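Here are my notes on this entry. Please read them with the model open.

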Number of protein chains: 2
Amino acid sequence: MRSLLIVLAAIVATAAPPLSDTYKAAADRLIDAALADDGTYRKLTYLCDRIGNRLSGSKSLDQAIEWAAAEMKKDGLADVTTPAVTVPHWVRGEEHLTLLAPREMEMVVLGLGGSVGTPPEGITADVVPVASFAELDRLGAASVKGKIVLFNVPYAGYGATVRYRVDGASRAGSLGAVAALVRSVTPVSLQSAHTGQMIYSGDGPRIPAAAVTIEGATLIQRLSESGNTVRVRLQMGAHMLPDARSANVIGEIRGREKPEEVVVIGGHLDSWDVGQGAHDDGAGIVTVMQAAAIIQRLGLKPRRTLRVVLFTNEENGGAGALAYKAWAAGAVKNHIAAIEMDGGGEKPEGFGVASKLLPQATEIGRLLERIGAGSITPGGGGADIAPLMRDGVPGLSLRTLGTHYFDWHHTQSDTVDKVNPRDLQLNTAAMAVMAYILADMP
Amino acid sequence: MRSLLIVLAAIVATAAPPLSDTYKAAADRLIDAALADDGTYRKLTYLCDRIGNRLSGSKSLDQAIEWAAAEMKKDGLADVTTPAVTVPHWVRGEEHLTLLAPREMEMVVLGLGGSVGTPPEGITADVVPVASFAELDRLGAASVKGKIVLFNVPYAGYGATVRYRVDGASRAGSLGAVAALVRSVTPVSLQSAHTGQMIYSGDGPRIPAAAVTIEGATLIQRLSESGNTVRVRLQMGAHMLPDARSANVIGEIRGREKPEEVVVIGGHLDSWDVGQGAHDDGAGIVTVMQAAAIIQRLGLKPRRTLRVVLFTNEENGGAGALAYKAWAAGAVKNHIAAIEMDGGGEKPEGFGVASKLLPQATEIGRLLERIGAGSITPGGGGADIAPLMRDGVPGLSLRTLGTHYFDWHHTQSDTVDKVNPRDLQLNTAAMAVMAYILADMP
């Protein structure tokens with residue numbers, strides 16, 4: 001009898017229509033609504049143009065939090081709340097990099113997040129360019145002590161190259177260098193300096209670290225190679241202020257059957273202190289906000305709770321991600337999925353998905369093929385949902401083309417004009433469909 | 001008898017072997033030598049890295065003149081001379097553009113060459129964006145008086161768009177505007193401000209004019225369109241100093257049979273005061289210098305004189321072009337060709353050629369097909385050889401791909417790293433072959 005029941009249950013399960021049938025009508029409604037809607041772009045424009053960039057601790061981040069919560073309420077989301085999060089407060093201050101020899105020239109410079117500053121008169125020293133950590137170690141303290149190390153490492157993909165930005169100062173400092181310059185982590189440059197977080201590791205001296213442009217790095221390299229002593233003065237006003245009070249922004253569509261089960265969609269509301277944070281991660285923020293707004297507007301009440309979470313402090317600490325997990329506390333185990341969007345707002349291709357949800361996401365992907373966003377690949381995640389994933393929550397990431405993302409990332413050029421309104425509509429459609437079906441599926 | 005002679009002469013002329021046969025060996029020697037030579041790139045690197053940008057009136061232009069004359073002598077050119085040229089001396093001074101409303105923000109700005117400055121406290125006014133001169137005229141003085149006009153005109157090719165940079169201030173000023181901002185004339189931007197010459201025409205008021213980036217122009221446009229009054233403060237320290245003494249740099253390979261007949265190859269040694277003037281026109285300068293150096297090194301003495309002319313003050317006056325013509329004076333009529341290179345140092349495609357020399361150039365083009373530079377098209381010229389052409393000298397221009405030329409043109413990003421050493425070798429080969437054969441052909 002028991003084995004017969006199991007067999008019957010298996011037959012019923014097998015016979016259940018695929019998600020791509022069950023949700024065809026709902027998905028089409030969501031897609032049609034998203035493609036006719038300019039709310040995502042309007043939100044992005046307000047966030048970027050009227051509020052601007054928004055580093056942890058800044059007034060503009062406070063404004064963005066207030067604005068986002070108000071927008072969520074206007075869009076009819078429930079239980080909108082802004083639980084407090086304590087965040088680091090790094091301030092850039094004034095910055096100058098002056099080439100002193102073999103000739104005088106001001107160079108483009110952008111301090112790395114988390115760096116200490118220099119004395120007001122700056123640090124003046126000769127520059128030693130290296131192309132890798134291996135070369136740095138070969139040169140050793142004898143060549144590096146008292147010098148400024150330039151990591152002139154050509155871009156070989158973000159993951160492969162960003163370690164020079166993160167660890168360069170500590171590696172150079174441990175050999176006695178007095179400052180570190182890092183070639184901006186980017187494939188292209190129009191005198192574009194890219195900031196981003198650096199991290200002091202170990203007990204070595206904490207030396208100032210700043211990004212130079214590809215133009216600046218290659219100039220120093222050429223001057224050195226042709227036998228010149230290259231001498232520069234680096235001035236950075238960077239400093240830490242006491243920790244600041246920030247907040248995550250949370251709002252939701254309460255589940256109609258299982259409100260305690262949760263699907264999270266989110267991005268990060270903070271940005272670096274340059275440009276507008278339009279792709280990183282304004283696009284993610286407004287996409288998840290508008291996806292929820294459209295689901296709400298169409299009256300599509302999912303079985304489970306669909307929760308929008310705008311994390312604070314992704315760029316230089318990750319305090320928002322940890323704070324959300326602490327806030328959700330015992331309910332984390334009821335999170336059936338968390339979708340992060342933090343790869344910019346170019347055209348969506350599909351989703352990276354944790355193995356546990358791959359079958360369902362693959363079915364849902366079929367419904368996104370009509371907008372070219374149906375590519376479902378294994379492995380999803382992101383910095384803000386990583387703490388949830390470590391507790392077993394299946395993670396997804398909306399994957400966009402990313403053709404130019406790292407050209408703009410962490411620069412003055414990450415601005416609204418780089419975002420195509422149509423691409424934002426497509427992202428909103430993809431996010432709405434994936435989130436709604438995951439929250440509603442039996 | 002006379003008609004028989006004419007027929008015989010015609011037969012002899014027809015029977016003369018084509019230039020592409022006669023000069024095959026010489027052309028191959030020149031090409032092989034240029035492709036094995038790093039002198040063009042070495043010269044560019046010195047000019048750009050050690051001397052830097054070089055606006056008329058600057059010390060660096062003086063240094064460049066001295067360096068170029070010394071290099072020509074080292075390369076064995078004859079009669080190296082630097083005849084004096086009086087040039088305008090415009091100085092940029094300090095510049096700031098501050099968005100005041102609807103929120104405060106520093107914007108990227110770069111004054112246009114020739115502009116007047118503002119009072120030290122700047123000019124503070126509301127901004128009226130327009131998309132064309134037609135829109136400006138439709139708005140008229142009623143909407144423009146006392147305002148700052150922003151010409152937010154998307155790039156539609158350099159020739160079509162540059163008129164807003166050149167004439168925008170006068171057109172706006174004549175309607176009572178107090179300053180003009182011009183969207184940078186470029187297809188792409190990473191917060192890239194492009195300078196260039198503006199010209200005050202007519203008797204209208206001379207108002208300050210500055211370039212903003214695509215990012216800045218579109219921000220102002222979006223803010224205006226969403227109903228905000230956009231207010232900015234423009235501060236420019238621009239001013240004219242008394243005319244300065246500059247010079248053209250001239251050197252030559254004396255013709256072995258008809259030294260009084262001259263083929264000129266040239267570019268302009270001055271540049272704007274930002275970046276390194278690597279493509280504009282460092283690449284042209286070093287290409288013509290090295291083409292002559294290689295011809296000289298190979299001992300190829302052409303029948304006619306091959307003259308290298310590095311013109312001063314192309315960017316903001318054209319005094320060098322006029323001065324060369326005055327210097328050549330009665331000998332202009334003996335100039336059988338003038339080849340200008342001022343389109344950047346990307347891969348060469350071929351030459352634009354005045355109709356008079358099209359048959360010969362087409363023959364010579366065949367010899368350049370092996371390096372992909374054999375495309376000969378009607379119509380050559382350039383700003384520096386225009387005065388010669390007006391007196392009947394056939395003009396040619398070396399045509400390069402120009403795929404990215406206007407991305408870099410007149411910006412901080414026109415730097416050596418944008419120049420491919422191999423492309424410089426190809427340009428040098430093309431220039432050497434065309435110049436040598438034109439100077440030597442029967």
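1. Start with a strand pair in chain A. Strands S15 (residues 335-340) and S18 (residues 395-400) of chain A run parallel and are joined by 3 bridges. A:Ala338 has A:Gly395 in S18(A) as its bridge partner. Strands pair if DSSP finds at least two bridges between them. Strands (E, at least two residues) and helices (H or I, at least four) are DSSP runs, numbered from the N terminus.

2. On provenance: this is a predicted model, with local features needing pLDDT of at least 70 and side-chain atom pairs pLDDT 80 or more, while totals for chains, interfaces and linings use all residues. Residues are numbered from 1 along each chain as its sequence is written, chains are lettered from A and ligands numbered from 1 in the order in which they are written, and side-chain values use heavy atoms, without hydrogens and water.

3. The wider sheet is open, with 8 strands and mixed pairing; its order in chain A is S1-S12-S14-S13-S15-S18-S16-S17. S1 (78-81) and S17 (375-378) of chain A stand at the edges with a single partner strand each, so one side of each lacks a neighbour in the sheet.

4. Helix H5 (residues 59-74) of chain A packs on this sheet, touching S1, S12 (249-253) and S14 (304-311) of chain A. Contact means heavy atoms within 4.5 Å.

5. Which class leads the lining of the second largest pocket? The counts are 12 nonpolar, 11 polar and 8 charged residues. Nonpolar covers Ala, Val, Leu, Ile, Met, Phe, Trp, Tyr, Cys and Pro; charged covers Asp, Glu, Lys and Arg; the others, Gly among them, are polar.

Conventions. Axes are lines fitted to C-alpha atoms, for helices over the stretch in contact, and angles run from 0 to 180 degrees between N-to-C directions.
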